[in-house]
Amino acid sequence: MPAETKSNILWDAEDYDQINPMYSDVNGEYGWDVPEGDWLVTFTKDGYYDTTSAQAEDSVNGYLPVPPPQTEVNVAMVSKNAPEVETVNVYDSEIQIKFSQYMQPDTVNTDNVVVTVNGTAISGTITALDAEYDYAEENIYARSFVFTSSEALSGYVQVNISNVVNYNGTAIASSYTNETTAEVKPESISCSESINISYGSGALLSVAVLPAEAGANKTLTITSSSPSIAGVVTASATTDENGEANIMLEGKLPGQSTITISLDGTDLTASCTAVVANVTTSTTPQCAKVTASAASGSVLTTGSEIVLSTTTEGAEIYYTLDGTCPCNVDSESRIKYTEPITITDYTFIIAYAVKEGYDDSSTAGFIFYATDALTVTDESEYSLDSENGYVLNVSAKTSVSDFVSGFENTTVVILNANGNKVDSSSSSYVGTGFVIQNVYQNQVTDELTVIIKGELNSDGVRNVLDLARLFDHIQSAEILDGYYLAAAYMNGDEKIDVLDLASLFDEIQK
């Protein structure tokens with residue numbers, strides 16, 4: 001703002017080939033090249049209180065004079081939201097707690113953080129792991145804390161957190177409780193310092209969470225600093241029983257990229273430099289890269305088939321399932337593709353195409369996970385109508401927990417008729433229109449909708465309200481459709497009439 005005007009005027013940055021307003025970058029940094037004048041910068045962000053550069057150290061009467069150049073216009077923004085507990089990791093040696101915001105360390109104490117082991121409260125000390133001064137260097141805050149005790153953390157551990165306060169004096173909105181069993185603490189992630197990838201091809205990066213007993217069945221997140229140079233085939237991977245995982249990388253352009261591997265729910269990371277070799281030129285045509293009928297990283301129902309193909313007519317496809325390159329013609333792992341590949345477990349496919357008179361295609365990697373479809377237990381009376389996507393023979397007044405126990409699957413999610421998630425251990429009733437989903441690797445692999453005959457309000461109970469809805473449908477005053485229509489067939493005679501009404505009345509009278 002020019003000093004002479006003494007009123008705030010929005011700067012038209014387009015005249016200077018710049019943008020105003022602008023978004024700060026991933027590091028919260030921003031900047032403009034501006035003409036002489038007195039300037040005011042306003043900062044806004046959803047969930048935070050607005051602020052301005054008037055609080056900056058070099059501000060004069062609320063404005064920043066230019067000249068001189070203003071290169072340290074740093075401001076603090078304050079969240080409107082209450083802090084939350086982000087993660088609680090219970091290890092045999094300690095408990096690590098991380099909050100969504102920086103907290104006042106003196107409030108994260110053993111009065112507000114109570115730990116019980118097998119029902120008995122234990123004493124301990126709490127230490128901030130990432131304490132740092134605020135921008136004014138007046139107060140110290142921290143997000144991560146560790147609870148340590150002289151007693152062993154084994155068996156059933158409960159962590160209760162309440163009354164802790166953030167940097168702005170806002171307390172946690174409600175008490176937090178975490179109940180779990182103590183496990184061995186992962187200490188590090190091991191991987192090669194560097195890996196070479198041929199341009200247009202792929203390479204396998206092996207990683208391990210150490211110690212091995214702490215690394216089994218953990219989720220890793222993988223990123224590339226330059227994905228246009230070295231791409232990551234799947235953004236996440238699950239370690240095996242030995243804490244190991246294989247990550248498929250693709251060489252997209254010559255150059256280098258840093259591959260970062262993070263262990264979800266912890267601060268553990270490891271990095272590897274991926275080097276993509278220079279392009280080699282050839283006048284010989286090259287086979288087109290192999291593609292798969294499902295996206296890499298997909299979770300498929302056990303028994304699903306994957307079809308491999310190449311657009312190069314007459315080319316043959318070879319693949320491996322053990323992480324080795326099919327380009328090794330003497331390898332016993334090399335398989336000629338002749339029919340779809342059946343997925344029955346975690347499957348890692350590396351494939352390429354060959355044809356006489358052509359250069360071999362670059363290798364392609366595909367990772368697939370397998371999980372069972374929704375399956376009822378032998379004791380269950382439910383029947384599954386997969387064609388229509390229904391669970392049938394569910395009784396009225398069946399609790400959600402009892403309903404879930406009728407399935408063999410252990411990773412199910414229950415949604416009510418409005419699509420909201422319901423606690424699978426809830427004693428509330430499951431109703432018509434509720435959905436049970438089988439979830440694996442954060443993907444829904446199968447889902448079915450609950451049908452309770454005569455229950456037409458999704459409350460899990462048959463009563464006069466359902467009778468009224470069915471009567472209105474018969475009288476055409478209200479037309480039922482979808483799962484309510486399916487629930488209205490009381491007699492199984494493929495028509496809805498007074499006989500269904502009578503059957504529902506009889507059920508209500510029982």
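Trainee: Is N112 buried or exposed?

Mentor: This is a predicted model, in which local features need pLDDT of at least 70 and side-chain atom pairs count only at pLDDT 80 or more, while totals for chains, interfaces and linings use all residues. Residues are numbered from 1 along each chain as its sequence is written, and side-chain values use heavy atoms, with hydrogens and water left out. N112 lies in the loop between β6 (95-103) and β7 (113-117), strands being DSSP runs of E with at least two residues and helices runs of H or I with at least four, numbered from the N terminus. Its relative accessible area is 12%, and under 20% counts as buried, over 50% as exposed and in between as partly exposed (1.4 Å probe, protein chains only), so N112 is buried.

Trainee: Which backbone oxygen does the side chain of N112 reach?

Mentor: Beyond four places in sequence, N112 is in contact (heavy atoms within 4.5 Å) with residues including N160 and S162. At 2.7 Å, its side chain reaches the backbone oxygen of T107.

Trainee: How many residues of strand β30 are buried?

Mentor: T347, I349, A351 and A353 point one way from β30, and F348, I350, Y352 and V354 the other. In a regular strand the side chains alternate between the two faces of the sheet. The strand is largely enclosed by the rest of the structure, because the buried residues number eight of the eight.

Trainee: Which residue in β31 stands opposite F348?

Mentor: Strands β30 and β31 (residues 364-371) run antiparallel and are joined by five bridges; pairing requires at least two DSSP bridges. Opposite F348 in β31 stands I367.

Conventions
Polar contact = N/O pair within 3.5 Å; in protein donor to acceptor, adjacent residues only side chain to side chain.
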